[in-house]
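Subject: Structure handover

Hello,

Here is the structure I promised to pass on. Please open it first, then read my notes below beside it.

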Amino acid sequence: TQDTKLTEFEDNDQNPVGFGRMLRKEDARLLRGRGRFVDDVQLPGMLHLAILRSPFAHASIVSIDTSAAEASPGVKAVVTGETLKGLGLAWMPTLSNDVQAVLATDKVRFQGQEVAFVVAEDRYKARDALELIDVEYDVLEPVVDVRKALAPDAPIIRTDLDGKADNHVFDWETGDEEETNRVFAAADVVVKEDIVYPRVHPAPMETCGSVADFDPVEGRLRLWSTTQAPHAHRTLYAIVAGLPEHKIQVIAPDIGGGFGNKVPIYPGYVLSIVGSIVTGKPVKWMEDRSENLISTGFARDYIMRAEIAATSEGRILAIRTNVLADHGAFNGTAAPVKYPAGFFGVFTGSYDLQAAHCKMTAVYTNKAPGGVAYACSFRITEAVYLVERIVDTLAYELRMDPAELRLKNFIQPDQFPYTTKTGWVYDSGNYEPTMRLAMEMAGYDELRKEQAEKRARGELMGIGIAFFTEAVGAGPRKNMDILGLGMADGCELRVHPTGKAVVRLSVKTQGQGHETTFAQIVAEELGIPPADIDVLHGDTDNTPFGLGTYGSRSTPVSGAAAALVARKVRDKAKLIASAMLEVSVADLDWVKGAFQVKGDPGKSVTIQEIAFRAHGAGDLPDGVEGGLEAQICYNPSNLTYPHGAYICVVDIDPGTAEVKVRRFIAVDDCGTRINPMIIEGQVHGGLTDGVGMALMEMISFDEDGNCLGASLMDYLIPTALEVPDWETGYTVTPSPHHPIGAKGIGESATVGSPPAIVNAVVDALKPFGVRHADMPLTPSRVWDAMRGQATPP
Ligand code: CDP
């Protein structure tokens, strides 16, 4: 029942009303410097907040003397954890039902933790005053090596938790252990590999910040904030701060990239609110680059033992894994409550297995909290990396071509909807055509020939393949919520008398083009040109409730809501059209943008004429209210499961061990494509992220817990220089349960590209007998691997 379109080229390029390659509406504003970001907000009398951060990873606070800072010119307030304690605000809940210190009271638990703050007339005076705060610390031994966090003599980090006698956060498991062990015991071949996905950081171009404006007379709080989830944040502020929810307005203006970094509530946001309440003035907090890198949500940090069982002919039978997860000092992982390891359960990938099992232990360490989904749907990146690396090691051991091994084991089209051995129901998929298209675009056979010739000459060329299935669009509220809030999203649509429209969303773009694509969805359904449809988002006073944008959920959830709300409006328009044309509803045909009398195309009314009639003089049909608008709250019935085939070609300089990504072919299948140009942009960005993670990026720490990735000099992120011209293609396998058949795309490339690149590097190093090397594959690490000295990070 699946209809997969297979093509490298667009067939909907020039569709003026609806889906197609349309330039971004928001760019008129963003490209001309008229975007309005949090740091652009200037309010009369606004003060500035700076945060004093811990220089130590683990230390007791003996005393804090703020008197010199308070006397510093221009300083309006200095606040410590003790003050917050008095207000009941020293601790706040994290997204994972842990608690996190807003300002440290008893001790600091990671370098960069918030200890005190200053509010002053300008940001320079605020920062200068930080220098005058005298904190006496009693330095404690830190827990830096995650492998030693559960040792009996390890220092206890979370002494704040009642009765806590170790650094254990949670144990989690999925799949059938007994059955998996049975399949493993009977298998011809078992391959085992230790695989590390290092700690990386989303590092959005705009750092985090907020402007809080508390009006004590009305008891109203306005908060401009860099948030990907304004409604969820509003509810949490209401719960944490005890402010009535209807008196809180959260405004997320333009956002300069989020990538998951702007999902959690950070102490800085709360401190700006406290600062405004204390001073009676608006207060702005804007972190700098180092603050963003050392204290806000990191991603990954999984140490994974992976095992794969197969027949000697290459039929994959089972996968099992044991994971040690570093959650930092507070468990701030962003994931639906019932999924402490996010969507890691999808580690069975795109293959039809007999059994699978995963065991995970999460621990506290003296590092920044996080575990955010960096351009990924809740740990799906780790899952895809695990399966695509271990499948390649199997190919290595079986001396099989990695493409052939994958093709042999794919879930087949007639098996969808497919339930994995860990209980996920893949909605649709047709993997072989996607893989074949990528191989054809790459010229796979010729590449292998070229590689053989080069190897004979001692040159190092590698070809890496990754095939991924993602799980995006969290999620069905029957089993997905964040802190008790169901993961559904609202949408409202209003058509004005002249046929122009406004659609209001609960999700929040951070640069991915929602103002265009959501207008296109409504345009496709109603026939109103996208230019006539305004998309409003990011202001809780003007948009319906919903859980926000992350995990590529906007299109799967709110995209569905936008289509359905437009259909609701169309249903009402039909009743009005039947009265206008004096025929029964059954006698009307919808042709995009108008209702026509069946068999008499000359008799029709456009959606614009209907809109005027809906608001105009004269009676409407019985039971039809005036106006042309609707609202909806969409609760998805399942996630959507996009897939893709990526092929990477690398050359390695044998003298310097530098890796150059020469070619990268990405074929994605995200179901129905709303705007192919925006999709390509999303894919290009994600692939670039992948180059960063595979080759350059890692937040590392020294043995004292000092963060060594505190600036973009040390934490390298890729530029145009490190990436090739991306070669993209696509197939279309619509989602059967999504009203327009669309699946998410925002993060596919970030998820799928690291294994393709690493597989290519390892393939290039095959002559050295290398079967695995851990990211980031910097020249020194590749050099070590070439010499058989690879050590995990
Ligand atoms: O949640 P987020 O917006 O980050 O991810 P997404 O839903 O995958 O959408 C990313 C961008 O690609 C949005 O502008 C979408 O509307 C667009 N998109 C598309 O044009 N067609 C799809 N099938 C999926 C997304």
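Two strands count as paired if DSSP finds at least two bridges between them. Helices (H or I, at least four residues) and strands (E, at least two) are DSSP runs, numbered from the N terminus. The model is predicted: local features need pLDDT of at least 70, side-chain atom pairs count only at pLDDT 80 or more, and totals for chains, interfaces and linings use all residues. Residues are numbered from 1 along each chain as its sequence is written, and side-chain values use heavy atoms, with hydrogens and water left out.

**A sheet of three strands**

Start with the open sheet of 3 strands. Their order is 7-3-9, and the pairing is antiparallel. Strand 7 (107–108) and strand 9 (134–139) are the edges; each has a single partner strand, so one side of each has no neighbour in the sheet. Strand 3 (residues 59–65) is joined to strand 7 by 2 bridges. Across that pairing, Ser-60 stands opposite Lys-107.

**Strands 25 and 26, and a crossover**

Now go to strand 25 (residues 501–505). It runs parallel to strand 26, and 4 bridges join them. Val-503 stands opposite Val-535 of strand 26. Between the two strands the chain passes through helix 13 (residues 514–526), and this β-α-β crossover is right-handed. Right-handed has a set meaning here: with the strands pointing away from the viewer, the path from the first strand over the helix to the second runs clockwise.

Which residues of strand 26 are buried? Buried means under 20% relative accessible area, exposed over 50%, and partly exposed in between (1.4 Å probe, protein chains only). In strand 26 (residues 533–536), Ile-533 and Val-535 point to one face and are buried. Asp-534 and Leu-536 point to the other face and are not buried. That fits a general rule: in a regular strand the side chains alternate between the two faces of the sheet.

**Helix 14**

The expected span of a helix is 1.5 Å times one less than its number of residues. Helix 14 (residues 554–581) has 28 residues, so it should span 40 Å. Its end C-alpha atoms are 38 Å apart, which agrees. Glu-582 follows the helix, and its phi is positive, near 55 degrees.

**Backbone exceptions**

Most residues other than glycine have a negative phi, and most peptide bonds are trans. Look at these exceptions.

- Asn-97 has a positive phi, near 60 degrees. It sits in the loop between strand 5 and strand 6 (99–101). Its relative accessibility is 54%, so Asn-97 counts as exposed.
- Arg-399 has a positive phi too, near 55 degrees. It is in the loop between helix 9 (380–398) and helix 10. At 73% relative accessibility, Arg-399 counts as exposed.
- Phe-416 and Pro-417 are joined by a cis peptide bond, with omega about -5 degrees. Pro-417 lies in the loop between helix 10 (402–409) and strand 19 (418–419).
- Ala-474 to Gly-475 is also a cis peptide bond, with omega near -25 degrees. Gly-475 lies in the loop between strand 21 (460–469) and strand 22 (481–482).

**Cavities and a pocket**

The search uses a 1 Å grid over the protein atoms alone. A cavity is a set of points where a 1.4 Å probe fits but cannot get out. A pocket is an open set with protein on both sides within 12 Å along at least five of seven lines. Lining residues have an atom within 4 Å of a point. Grid points are joined across faces, edges and corners, and a volume is the space filled by probe spheres set on the points.

How many cavities of 30 Å³ or more are there? The count is 3. The largest has a volume of about 190 Å³. It is lined by 20 residues; Met-92, Thr-94, Gln-100, Pro-264 and Ile-265 lie nearest its centre. Helix 6 gives the largest share of that lining, 3 residues.

The second largest cavity holds about 80 Å³ of space. Its lining includes Leu-95, His-233 and Tyr-550. Here too helix 6 gives the largest share, 3 residues.

The second largest pocket has a volume of about 560 Å³. It is lined by 27 residues, and Val-144, Asp-145, Val-146, Arg-147 and Lys-367 are the closest to its centre. Strand 11 gives the most to this lining, with 3 residues.

Best wishes
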